[in-house]
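Work through the following exercises with the sequence and the structure side by side. Each task is followed by a solution that goes step by step.

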Amino acid sequence: MMKNPFAVVVATTLLLAAIPSLGEAPPSHIDLSKFPATQLDDIVVPLPSEVFNVLDKLGAPNWQEQLRDPKVKNRGEREQIALLLGSVVAEGFVAVEAADKARVKAIGRDVLELSRAIGVESTVLIRTNSIVTKADSGDWISVRRELDGALTDVKTAMIKLQDAQLAHLVSLGGWLRGTEVLTAIVQKSYSPDGADLLNQPDLLRYFQQRLAGMPPRMRNNPLVTRIQKGLDEISPLLNQKLTPDSVRRINEITGQMVKAIDSHA
Amino acid sequence: MRRFLILLSLCAIITSADANLDDAIKSAIQAMDPYVKQGYIIRDDQWGGDLGLREQKAIPHTLFRGNDYWFCMGSDGENARVAIHLYDSRGKLAENDSWQRSRFAAARILPAATGTYYIIVEVTASPKERTNWAMVYGYK
């Protein structure tokens, strides 16, 4: 039957190469304490679009109602600008959900201005131009990708400039505004599915640890102190079963923090 | 853990001696390719480092219920074998699918709940003492 054994071997090899192997079966349970090098001080911070991707599936809230229009000034302390930059990028996602072209374009320009203020303007120039162009054509999926990309690029540039602490503040600013919006949406029509999205206590702990580990000069900045206090207030609420009341309270606290970030501008 | 989690930015400034990490990143992105074609959005970040044989590392990550994730791993060694699996915060295997093929591996999860999950990466075979690896992920 095997007229050409070599051909059969080649064909079998190609077939095996084309089919993903299941490999060794992984254990059904592992002891996470055996990974001491990976304590929760290092956690992957999700991109805003990962949250908004789920929100898309939860219905059609009134996004226009969630939009803010803060006066963005590019002068201020670096800590405040970094927090504001993260918050403004998160605002960009809300504007995309609201399909508000003018607002998205204004946010693209704000991102550029704020990036300039902390010396990473060249990193995001192409992204911000693209945000404006793609908003004009209503290509919302691409705008989201550019906003995610701008956030990543800014943080990467800061790490390169030995400014990892500021990069954490950018992430934190985005998380705060994102959480404010998320709690506002969940509050409007409370559902366990919506509230489940707030189950992020390890992420909150990560941000708390990042702030606690900052050099005293940054940690003692009044705005950073204010944010640290706010996170401490949220912590017990996120570490217990979420209720409509706790969601409302988290919304109030994050809202106050976002206002504090804006008002220092 | 931080020294094992290397952002692309840091890859740009590593010395030429670490150039193989770039190959690991390329492998991970290659493993992700079919899923990008299926509409998964690939995150423009990479995590990586080097591992000894049978050495494992865990990457904690907040995942959201409602999203569908693929985590893909690659290594720089043609003869290396790698594995990637996903566990929940109690250490229970939580992945919905996974595969391994030589220096590529991937795992998929549709999280049952939003929360912290652990991505466990491992080099299961390699002729080298240390093997460079990288991980990327996508979601939809």
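Two strands are said to pair if DSSP finds at least two bridges between them. The structure is a predicted model, and the exercises should be read with that in mind.

**Exercise 1.** Determine which strands of chain B are joined to strand E9 (residues 130–139) of chain B, and in which sense they run.

*Solution.* Begin with strand E2 (residues 47–52) of chain B, which is joined to E9(B) by six bridges, the two strands running antiparallel; one point of reference here is Trp47(B), which stands opposite Met135(B) in E9(B). Next take strand E4 (residues 69–75) of chain B, which pairs with E9(B) over seven bridges, again in the antiparallel sense, with Tyr69(B) placed opposite Tyr139(B). Then turn to strand E1 (residues 41–42) of chain B, where two bridges make an antiparallel connection to E9(B), and where Ile41(B) stands opposite Tyr139(B). Finally, consider the surroundings of E9(B) itself: the strand is mostly covered, since eight of its ten residues are buried.

**Exercise 2.** Describe how helix H4 (residues 78–97) of chain A is oriented against H7(A), and which residues meet there.

*Solution.* First place the helices in their chain, which has 13 helices and zero strands. The axes of H4(A) and H7(A) are 10 Å apart, and the helices pack at an angle of about 170 degrees. Angles over 145 degrees count as roughly antiparallel, and the two helices are therefore roughly antiparallel to each other. From H4(A) the contact includes Leu85(A), Val89(A) and Phe93(A), while H7(A) contributes residues including Trp140(A), Leu147(A) and Val154(A). Taken together, the residues of this contact divide into ten nonpolar, one polar and one charged.

**Exercise 3.** Is Glu233(A) buried, exposed or partly exposed?

*Solution.* Locate the residue in helix H12 (residues 222–238) of chain A. Then count its neighbours: 15 other C-beta atoms lie within 10 Å of Glu233(A). A residue is buried with 20 or more such atoms and exposed with 12 or fewer, so Glu233(A) is partly exposed. As a further check on its position, the C-alpha atom of Glu233(A) is separated by 9.5 Å from that of Arg249(A), which is 16 residues away along the chain. For chain A as a whole, 43% of the 265 residues count as buried.

**Exercise 4.** Characterise the side of chain A that touches chain B.

*Solution.* Start with the extent of the interface, in which 38 residues of chain A are in contact with 39 residues of chain B. The elements giving two or more residues to this side of chain A are helix H2 (48–57), helix H7 (140–160) and helix H10 (201–212). By residue type, this side divides into 17 nonpolar, twelve polar and nine charged. For the complex, the predictor gives an ipTM of 0.84 and a pTM of 0.85.

**Exercise 5.** Decide where chain B should be read with caution.

*Solution.* The average pLDDT of chain B is 87, and 86% of the residues score at least 70. Among its elements, strand E7 (residues 104–109) of chain B has the highest mean, 98, and helix H1 (residues 8–13) of chain B the lowest, 42. Over residues 1–17 of chain B the pLDDT is below 50, although this stretch has 28 contacts in the model beyond near neighbours in sequence. Where pLDDT is low, the predicted coordinates should not be read in detail.

How values were computed
Residues numbered from 1 in each chain as written. Chains lettered and ligands numbered in written order. Predicted model: local features only at pLDDT ≥ 70, side-chain atom pairs only at ≥ 80, totals over all residues. Contact = placed C-beta atoms within 7 Å. Helix = DSSP H or I, 4+ residues; strand = E, 2+ residues; numbered from the N terminus. Nonpolar A, V, L, I, M, F, W, Y, C, P; charged D, E, K, R; others polar. pLDDT = per-residue confidence, 0-100. Axes fitted to C-alpha atoms, helices over the stretch in contact; angles between N-to-C directions. Parallel < 35°, antiparallel > 145°, perpendicular 65-115°, else oblique.
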